[in-house]
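Colleague: I would like to learn how to read disulfides and unusual backbone angles in a model such as this one. Could you take me through them step by step?

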Amino acid sequence: MFSFKQRNNTLSALSALTLSLILAACGGQDSKTAANSATPTAAPPVQAASVSADTTVFSGKRQDYTITKVTNAGISGFIVSDTRAGGTSVTLASNIKNIQFSDFHVNLSIGDKANSLSATSLNSLIDLYVAFFNRVPDADGLAYWIDQIKAGMSDDQIADSFYLVALQSPTLTGYTSGMSNDDFIRIIYKNVLGRSGATAPTTLEIDYWSSQLKTGTTKGHIVRAMLVAAREYANDPTWSWVPALLNNKLNVANYFAVQQGLNYNSLDDNISKTMAIAAAVTSTSTTAALDLIGVNDSNLNLSSSIGTPESLANICTVDGKKKWVRSHLDDVYLWYRDIIDVPPAQYSTAEDYFTALLVRSKDRFSFTSEQGSIDSYFQSGEDVSYGYSLVREGSKIRVRYVQPGSPADVAQIKRGTTLVSVDNGSLGSYINDTQYNALYPTKSESHSFQVQDGSSASRNVTMTAVTVTTSPVLQNQVLNVNGKKVGYMVFTDHIRTAESPLISSIRKFQQSGIDDLVLDLRYNGGGYLYIANELSAMIGGSKVTNRIFEQLQFNDKHADMTADNVSYFYDTDTSNRFLPTLNLPRVFVITGSNTCSASESIINGLTPFMKVILIGDTTCGKPYGFIQTNNCTTAYFAIQFAGVNALAKGDYTNGFTPACYVPDDLNHELGNVSESRLSAALTYVSTGACPTIAAGVAAAPPLQFSPIVDKDPHPWRNIKLLK
């Protein structure tokens with residue numbers, strides 16, 4: 001699970017001064033700062049005389065002012081503005097490093113110090129404040145420990161130092177020198193991970209970590225390891241609240257100490273109030289903690305002119321969300337250097353601002369969605385709908401496929417059915433917003449339709465949208481083609497619930513001894529990359545064992561993530577059960593313009609190791625992917641990485657070209673051997689070539705301005721998502 005280093009160079013003793021620095025100001029308060037910690041009594045004018053060469057005092061509370069960081073000719077400075085009636089603005093001299101208010105002391109240099117560390121190292125340091133003292137750090141104390149790291153002090157040494165100090169105040173921290181290893185582990189679960197009572201650790205969990213202490217691992221290192229381990233449960237349905245709690249505390253701490261540079265003016269407040277702030281954080285909200293801080297200066301982020309996503313997260317005002325959006329894109333967006341800034345005030349929502357900042361010359365995929373809807377879909381396949389998939393064909397709107405058991409299925413709507421009208425309004429070459437919303441409702445509601453099945457007379461049906469559970473594998477069957485057994489599978493969505501039916505389908509094909517496989521991905525827009533990996537591994541078998549499936553490449557700010565994201569073909573599923581394999585020399589993939597993202601990863605990932613024959617139309621061309629990032633109930637999907645295969649090939653922005661161009665055939669059901677694309681694949685199986693009638697015939701492109709094409713009701717189905 002984890003490898004632990006033996007204790008080395010751990011501080012054996014700490015001076016009384018250092019102890020007080022860690023526990024109280026945590027390292028940053030020297031005699032000069034202590035002298036300045038009394039509440040200023042200076043009367044107006046607004047700017048009083050400096051109490052030291054690098055400190056300026058203002059008479060009001062911090063919330064009475066805004067602090068604006070400005071840069072001229074590469075030199076950074078600050079403007080302090082009194083927001084009270086008749087207040088004025090003061091430009092600080094370049095040597096000023098601290099501002100004293102009646103309630104807070106602001107460390108203006110903390111941003112530069114924080115930026116001197118990697119985000120991982122800085123966050124690990126902040127975590128230790130939470131772990132050992134249940135508090136957020138003050139800016140001065142954080143600056144002190146950043147200096148210690150820069151001077152060569154290791155993370156383990158700092159953690160061990162914090163533990164020794166925690167022992168000095170057991171009533172505050174709960175740590176005592178006489179506690180057993182088991183009790184020590186229990187208090188970490190309680191104080192650090194929020195697990196007590198009904199969620200208290202099991203004996204097995206305690207024994208695991210306790211055993212590490214018995215081998216000589218230091219307590220500081222154990223705490224750090226448990227913090228790392230806890231965050232690996234971010235997507236766990238039972239324990240995801242634990243890393244959410246830790247990350248929310250981290251966000252508040254970054255806001256308090258790094259973005260705002262805050263310190264309380266008395267040592268007692270610097271302990272008690274920062275502990276109260278940490279205690280107010282929950283796994284679902286930081287609002288109460290931010291209210292306790294009471295400083296809401298959106299002009300200031302000392303660590304960046306843009307800000308860090310961590311420090312700006314969960315500030316759910318319109319301006320707060322916009323600031324987070326800009327910071328998030330600056331941090332993770334693959335093309336962050338190409339962003340052209342636009343005035344945020346021009347956009348009424350953070351979502352619109354996000355869209356305006358995207359680099360559209362390179363990016364036609366990034367999007368936002370309501371968090372609840374997308375979580376429900378990718379975790380359980382649930383979506384409010386009628387259960388059909390539509391496409392425009394000329395002036396007609398036709399059905400591509402229907403989910404079994406859905407309202408459309410109950411209404412006997414089939415593949416190829418034409419929707420003639422909705423609510424007595426004709427559906428022609430143009431549909432208005434009212435009709436569109438009726439075709440794609442977002443809540444349970446009923447609408448009347450006139451439909452036509454093939455050449456039959458039209459009929460009227462009424463459908464009520466409900467929560468439909470997607471069947472990601474619509475069908476699997478074994479076809480007999482001139483004495484050969486050919487497996488055929490229609491796979492539509494890379495969602496969590498696809499794992500089991502995919503494994504069952506491949507096992508069925510394996511037991512049937514198929515000679516070839518036709519994988520129908522024509523309507524599969526992608527989803528979870530690990531699902532694509534599992535399916536590819538089952539198809540490739542021994543040929544791909546211990547081989548690279550995909551290497552993810554992030555922007556240059558996250559070289560560590562690029563190094564860590566080399567994905568090998570899996571041999572087990574998410575429950576560590578061995579996957580069935582086919583070991584076929586080739587695979588036929590039916591493709592279309594909706595074959596996208598994770599589906600294209602299957603094609604690209606298998607190509608170095610076996611023959612991949614495409615039948616249909618050019619794929620969508622998306623070698624990019626996302627990591628879903630949530631803020632204030634909105635899920636943001638900014639392109640964060642590109643993917644390449646074992647041969648470092650991944651530049652398929654124009655899509656993969658099929659060996660046989662074959663138009664889609666809505667006049668036959670999927671799986672019918674007369675359906676044009678399946679028929680072409682079966683012909684290739686028998687003859688080794690495309691059917692003559694399909695050679696050189698390209699499928700007609702979708703109408704570029706069709707509302708069915710351009711106003712996609714589910715953009716989140718066309719993604720490559722890193723879980």
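Modeller: Let us begin with a backbone feature, bearing in mind that this is a predicted model; Asp423 lies in the loop between strand 12 (418-422) and strand 13 (425-426), and this residue has a positive phi of about 50 degrees although it is not a glycine.

Colleague: Is Asp423 buried, partly exposed or exposed?

Modeller: Asp423 counts as partly exposed because its relative accessibility is 37%, which falls between the cut-offs of 20% and 50%.

Colleague: Which cysteine has a positive phi although it is not a glycine?

Modeller: That is Cys632, with a phi of about 55 degrees, and its place is the loop between strand 26 (629-631) and strand 27 (634-637). Cys632 has 12% relative accessibility and therefore counts as buried.

Colleague: How many disulfides does a search of the whole structure find?

Modeller: The search finds 3, and a pair of cysteine sulfur atoms is accepted as a disulfide when the two lie within 2.5 Å. Cys632 belongs to one of these pairs, being joined to Cys316 with an S to S distance of 2.0 Å. The link connects distant parts of the chain, 316 residues apart, with Cys316 in the loop between helix 14 (309-312) and helix 15 (318-332). Cys316 counts as partly exposed, because its relative accessibility is 47%.

Colleague: What is the handedness of the link of Cys316 and Cys632?

Modeller: Handedness is read from the angle about the S-S bond, and at -90 degrees the link of Cys316 and Cys632 is left-handed. The link of Cys596 and Cys620, by contrast, is right-handed, with 65 degrees about the S-S bond. This pair also links distant parts of the chain, 24 residues apart, with Cys596 in the loop between strand 23 (586-591) and helix 23 (598-606) and Cys620 in the loop between strand 24 (611-616) and strand 25 (624-625). Cys596 counts as buried at 3% relative accessibility, and Cys620 is buried with a relative accessible area of 12%.

Colleague: Where do Cys660 and Cys690 lie?

Modeller: Cys660 is in strand 29 (residues 660-661), whereas Cys690 is in the loop between helix 24 (676-687) and helix 25 (707-710). Their disulfide has an S to S distance of 1.8 Å, and at -90 degrees about the S-S bond it is left-handed. Cys660 counts as buried at 1% relative accessibility, while Cys690 is partly exposed with a relative accessible area of 24%.

Colleague: What pattern do the disulfides follow?

Modeller: With bonded cysteines counted along the chain, the pattern is 1-4, 2-3, 5-6.

Methods: Residues are numbered from 1 along each chain as its sequence is written. This is a predicted model: local features need pLDDT of at least 70, side-chain atom pairs count only at pLDDT 80 or more; totals for chains, interfaces and linings use all residues. Side-chain values use heavy atoms; hydrogens and water are left out. Helices (H or I, at least four residues) and strands (E, at least two) are DSSP runs, numbered from the N terminus. Buried means under 20% relative accessible area, exposed over 50%, partly exposed in between (1.4 Å probe, protein chains only).
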